[in-house]
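Trainee: I should like to go through this structure with you, one question at a time. Please give the reasoning before each result.

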Amino acid sequence: MAVVGHHKSGKTTLIEALVKALKRHGRVGTVKHMPGHHVDHGDTHRHLMAGADVVIGIGLGQIVVTPEGSLESALQEMQNRGIDFVILEGFKSSQYPKIAIGGIDVPNKMCDVEAVNDSTVDHLVSMILSL
């Protein structure tokens, strides 16, 4: 399931709420579409600038940063790690079902969200569980 919308439309807020709610039902992963976005400071940036193909940060969770790859390879990685639910941020033109924020027109739109609240999140979780 992808959450799509214009810049500053509330995508991250909705994804945070969905992650918290879906955690009651299994393991959750997220994939963020970041074209042209660089991790622009610190050691992560230095690793990428040195030529690393993949940088993985291990702490309480895991962040994998890669300058190349595809959505399909990221989803395969999630499956390999035993993730039950994957929420995509962005990927407007993908074939995956989408939750649209702010009336954006995209293919495979399952629903529009105008406001993030408990009722909306409960409805979306029910919809995701039924997929």
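Trainee: In which loop is Phe91 found?

Mentor: The model is a predicted one. Phe91 has a positive phi of about 60° although it is not a glycine. As for its place in the chain, Phe91 is found in the loop between β5 and β6.

Trainee: Is Phe91 buried or exposed?

Mentor: The relative accessible area of Phe91 is 14%. Residues under 20% count as buried. Phe91 is therefore buried.

Trainee: Which residue has a side-chain polar atom 3.0 Å from the backbone oxygen of Phe91?

Mentor: The partner lies in the loop between β5 (85-89) and β6 (98-101). It counts as buried, at 10% relative accessibility. The residue whose side chain places a polar atom 3.0 Å from the backbone oxygen of Phe91 is Ser94.

Trainee: Which residues does Ser94 touch, not counting those up to four places away in sequence?

Mentor: Phe91 does not enter this list, since residues up to four places away are not counted. With that limit, Ser94 touches Leu71, Pro107 and Asn108.

Trainee: What is the volume of the second largest pocket?

Mentor: The lining of this pocket includes Val4, Lys8, Glu89 and Lys92. The elements that give two or more residues to the lining are β1 (2-5) and α1 (11-22). The volume of the second largest pocket is about 250 Å³.

Trainee: How many polar residues are in the lining of that second largest pocket?

Mentor: Sorted by class, the lining has 1 nonpolar and 4 charged residues. Gly counts as polar in this scheme, and Gly5, Gly10 and Gly90 are among the lining residues. The number of polar residues in the lining is 7.

Trainee: Is Lys8 buried or exposed?

Mentor: Lys8 lies in the loop between β1 and α1 and has a positive phi of about 65° although it is not a glycine. Its relative accessibility is 74%, and the class of exposed residues begins over 50%. Lys8 therefore counts as exposed.

Trainee: How far apart are the C-alpha atoms of Ala100 and Gly5?

Mentor: Ala100 is found in strand β6, and Gly5 is one of the residues that line the second largest pocket. Ala100 and Gly5 are 95 residues apart along the chain. Their C-alpha atoms are separated by 5.7 Å.

Trainee: What is the relative accessible area of Ala100?

Mentor: Ala100 touches Val4, Lys109, Cys111, Asp112 and Val113, not counting residues up to four places away in sequence. Buried means under 20%, and Ala100 is buried. Its relative accessible area is 0%.

Trainee: Which residues is Met110 in contact with, leaving aside its neighbours within four places in sequence?

Mentor: Met110 lies in strand β7 (residues 109-113) and is partly exposed, with a relative accessible area of 33%. Met110 and Met1 are 109 residues apart in sequence and 9.2 Å apart in space, C-alpha to C-alpha. With those neighbours left aside, the contacts of Met110 are Met1, Pro97, Lys98, Met127 and Leu131.

Trainee: How many helices and strands does the chain have?

Mentor: From the N terminus on, the elements run β-α-β-α-β-β-α-β-β-β-α. In this notation the secondary structure comes to 4 helices and 7 strands.

Trainee: What share of the residues of the chain counts as buried?

Mentor: Buried means under 20% relative accessible area, and Phe91, Ser94 and Ala100 are buried. The chain has 131 residues. The share that counts as buried is 33%.

Technical notes:
Residues are numbered from 1 along each chain as its sequence is written. This is a predicted model: local features need pLDDT of at least 70, side-chain atom pairs count only at pLDDT 80 or more; totals for chains, interfaces and linings use all residues. Side-chain values use heavy atoms; hydrogens and water are left out. On a 1 Å grid over the protein atoms alone, a cavity is a set of points where a 1.4 Å probe fits but cannot get out, and a pocket is an open set with protein on both sides within 12 Å along at least five of seven lines; lining residues have an atom within 4 Å of a point. Grid points are joined across faces, edges and corners, and a volume is the space filled by probe spheres set on the points. Buried means under 20% relative accessible area, exposed over 50%, partly exposed in between (1.4 Å probe, protein chains only). Contact means heavy atoms within 4.5 Å. A polar contact is a pair of N or O atoms within 3.5 Å; within protein, one must be able to donate a hydrogen and the other to accept it, and residues adjacent in sequence count only if both atoms are side-chain atoms.
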